[in-house]
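Please read these points with the structure open beside you. Take them one at a time.

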Amino acid sequence: MDAKSKNFLYKYLNANSPTGHETPGQKIWLDYLSPYIDTFYTDVYGTAVGVINPKAKYKVVIEAHADEISWYINHITKEGYMHVIRNGGSDYQIAPSMHAKIHTEKGILPAVFGWPAIHVRKKEDEAKFNEKTVVLDAGFSSKEEALEKGVHVGTMVTFDQDLVALNNGRFFTGRALDNRMGGFMIAEVARRLHQAKFVPPYALHIVNSVQEEVGLQGATMISRRIQPDVAIVTDVTHDTQTVGYDKIKQGDIACGKGPVLTYAPAVHRILRKIIEQVAQKENIPFQRAASSRHTGTDTDAFAYSHTGTASALISLPLKYMHTTAETVHKDDVENVIQLIHKSLLNLNPGDNFNYLNAE
């Protein structure tokens, strides 16, 4: 990772881009991507797409999602405390004592999620982290003061935790690696294609979708617009080595051991096999995972869009998903970039993805 990539990584991952409000991150992403593409466009909800060789009829997508989990203010007490509800898969269990940002039209206000001190709590209180007990405190003395500061029901709140390197840069940790690290990786793929002066024999759409965390909504919309022939999606998946995971149920996945290729009905087995063969040829380490029915990622949206899209999922192992300490190994980031890059070099408009004709 050179200085330009690293600067982009920190600027992009530290941006505030909660579900439904992804614009700040999307602007940073498009600014970085623009030298490496021929054109770009956005849709009505903010999904951003860079395109290389846009006139080609055959269309290939590489995709990540841009949004991070967050909160909506849902109630303000007369004393000026605020209660929140989830925007995406936010976790009340981790909120107490966390620093936060309240995103008002007048600017960002610092705040904290409060919780009674250990001295006064009762044992039965320990599991009561929910919308009634977790409160947000911005130092207001009344509801009227909160309203004067621009805070109201529906105001967005994000955790305040920037990207940090661990163990001399071996790991990255922060609040929004799910899945802006994916946006970083596909932008790096575009940069490397440009540096290699590779012009694909197809239209390559580099897609950064919005609103994945509330039901794959951005990918659903943009997949109908693009109607691609092939889609390679990248997202994060659980490192199952830490406490609390059942490898029998959730697989045996570890940070540092390479990208994860998923087996699932939505994952096209011919496309997945091509990617596996690329990994083996290029000596890129990879792991395997299996998903019953849905993958739970934007892969599902692309796979079942319009008349169907040959789709595959390349996942990045991640510890502590949906917390402020989401953690990935830098080697896995590099290997995901490499695997997507090399896979694109092995795709052609004449590839046969029809199961009956190909077998």
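1. Start with the sheet. This is a predicted model. It holds an open sheet of 8 strands. Their order is E1-E2-E12-E3-E13-E16-E14-E15, and the pairing is mixed. E1 and strand E15 (287-290) are the edge strands, each pairing on one side only. From one strand to the next, the twist averages 25 degrees.

2. Now one edge of the sheet. Strands of a sheet pair through backbone hydrogen bonds, either parallel or antiparallel. Which way do E1 and E2 run? They run antiparallel, joined by 4 bridges. Look for Thr42: its bridge partner is Ala48, in E2.

3. A helix packs on the sheet. Helix H9 (residues 330-345) touches strand E3 (59-65), E12, strand E13 (230-238), strand E14 (260-263) and strand E16 (310-318). The direction of H9 makes about 165 degrees with that of E16.

4. Turn to helix H2 (residues 23-33). Its buried residues are Gly25, Gln26, Ile28, Trp29, Leu30, Tyr32 and Leu33. What do they pack against? Their partners include two helices of the model, H1 (3-14) and H4 (177-195). Strands E1 (39-42), E2 (48-52) and E12 (203-209) are also packed against by the buried residues of H2.

5. Finish with Ser5, in helix H1. Is Ser5 buried or exposed? Ser5 counts as buried because its relative accessibility is 2%, and the cut-off for buried is under 20%. Its side chain makes a polar contact with the side chain of Glu188, at 2.7 Å. Leaving aside neighbours within four places in sequence, Ser5 is in contact with Tyr32, Phe184, Glu188 and Arg191. Tyr32 is one of the buried residues of H2.

Conventions: Residues numbered from 1 in each chain as written. Predicted model: local features only at pLDDT ≥ 70, side-chain atom pairs only at ≥ 80, totals over all residues. Heavy atoms only, no water. Buried < 20%, exposed > 50% of the residue type's maximum accessible area, 1.4 Å probe, protein only. Contact = heavy atoms within 4.5 Å. Pairing = 2+ DSSP bridges. Axes fitted to C-alpha atoms, helices over the stretch in contact; angles between N-to-C directions. Polar contact = N/O pair within 3.5 Å; in protein donor to acceptor, adjacent residues only side chain to side chain.
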